[in-house]
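Here is a walk through one protein model, meant to be read with the structure open beside you. Pull up the view and follow along.

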Amino acid sequence: MPTSRASELTRSAVDDIRQWVLNGEIEPGERVREVDVAARLGMSRTPVRQAFQLLSAEGILDARPAGGFEVPHWSREEIDEIYQLRAVLESFAARRAAMRSDQVPIARLADLAAEMTRIGRDDEPDRHLLGELNLRFHQLVFESSGSPRLVAALTGVTHVPLMHRIFFIYTRSEMEKTLQEHHLLVDALNAGDPDWAAGIQHAHILAARSVLLNRLARQDQPRQDQPHQDQCSVAALSDDEELS
């Protein structure tokens, strides 16, 4: 098979598998098998195997100790630790970016913030797209810090499925608040104010942490009207939760 064709198949497999994970078709903790994915995609196992390796590097899949891959699953304690680390590192990244604001792509950040706000105002917001744009926004702030070491450290704690999933549990008011914080961060970076930028980013991450942990805590409490939500896991977070 020509190399270009093999690469095309691998890219296609990466895109499809990533989307299955992010939209919840494959749940956290679920094992992903080469043979099953290859059959579903109608291709050989070789490009699927390569796709698994690439997705593992992205944090979309985890390598299993006994072999194979699975979708990452996080306990409440792990989620708390991830968000605490993100709050520290992302606020530092925002501070550094503000200190070199003349090199920050302010217009691009502003465009992303505006696009997310527009989508968030729709009657039925495209939460998949919001998750993707949110990731781009945060990564752009990372890169604007001018520190490859900091970007590498952030990559290690920025779990893409977890960041993406948060948009599926936000209520309308929570979503509006987090999207407005993006605009405030752009203002702080544009003003070149390190303390303001760091403060906004720190609060922004901890607010998302609070939403996620509170939702998980609610799922710990049996509710007669919604018995299917009693289990406590990130996988149990509903894509169909009503907006308030």
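F167 is buried, at a relative accessible area of 1%. Keep in mind that this is a predicted model, so every value here is computed from it. Y170 also counts as buried, with 5% relative accessibility. What do the rings of F167 and Y170 do together? Their centres are 5.4 Å apart and their planes meet at 85°, so this is an edge-to-face pair. If you search the whole structure, you find two aromatic pairs.

Another ring worth a look is that of W20. The charged end of R40 sits over this ring, 3.7 Å from its centre.

Now step back to the whole chain. The protein chain has ten helices and three strands. Reading from the N terminus, the elements go α-β-α-α-β-β-α-α-α-α-α-α-α. Of its 244 residues, 45% count as buried. The accessible surface adds up to about 12300 Å², and carbon and sulfur atoms own 48% of that. As for how the chain is wired, take the contacts between residues at least 6 apart in sequence: 72% of them join residues at least 24 apart.

So what about the inside? The largest nonpolar core has 39 residues, and the members touching the most others are I79, Y83, L109, F137, I166, L185 and L189. Two or more residues of this core come from each of α4 (76-99), α5 (106-120), α6 (127-144), α9 (172-191) and α10 (194-219). Which element gives the largest share? That would be α10, with eight residues.

To see the core from one residue's point of view, click on L109. Ignoring neighbours within four places in sequence, L109 is in contact with V104, F137, L140, V141, V186 and L189. Another core lies apart from this one; it has 21 residues, including V21, L22, V48 and L61.

Next, E90, which is found in helix α4. Is E90 buried or exposed? It is buried, with a relative accessible area of 0%. Leaving out residues up to four places away in sequence, E90 touches H138, F142, L154, Q201 and I205.

Helix α2, residues 34-41, is a nice one to rotate. Its buried residues are E34, V37, A38 and L41. Looking down the axis of α2, the buried residues fall within an arc of 100°, so they line one face of the helix. V35 belongs to α2 as well, but V35 is partly exposed, with a relative accessible area of 37%. V35 and R45 are ten residues apart in sequence, with their C-alpha atoms 6.4 Å apart in space. After α2 comes G42, which has a positive phi, near 70°.

Here are the accessibility values for the residues picked out above:

| Residue | Relative accessible area | Class |
|---|---|---|
| F167 | 1% | buried |
| Y170 | 5% | buried |
| E90 | 0% | buried |
| V35 | 37% | partly exposed |

If you want stops for a second tour, start at the ring pair of F167 and Y170, then go to R40 over W20. From there, move to E90 and its contacts, among them H138 and Q201, and end at L109 with its contacts, including F137 and L189.

How values were computed:
Residues are numbered from 1 along each chain as its sequence is written. This is a predicted model: local features need pLDDT of at least 70, side-chain atom pairs count only at pLDDT 80 or more; totals for chains, interfaces and linings use all residues. Side-chain values use heavy atoms; hydrogens and water are left out. A nonpolar core is a set of buried Ala, Val, Leu, Ile, Met, Phe, Trp, Tyr and Cys residues joined through side-chain atoms within 4.5 Å. Buried means under 20% relative accessible area, exposed over 50%, partly exposed in between (1.4 Å probe, protein chains only). Helices (H or I, at least four residues) and strands (E, at least two) are DSSP runs, numbered from the N terminus. Contact means heavy atoms within 4.5 Å. The arc is that of the directions from the helix axis to the C-beta atoms. Rings of Phe, Tyr and Trp (its six-membered ring) pair if their centres lie within 6.5 Å; planes under 30 degrees apart count as stacked, over 60 as edge-to-face and the rest as tilted. A charge sits over a ring if NZ of Lys or CZ of Arg is within 6 Å of the ring centre and within 35 degrees of the ring normal. Accessible areas come from the Shrake-Rupley method with a 1.4 Å probe; for residues, only the protein chains shown count as cover.
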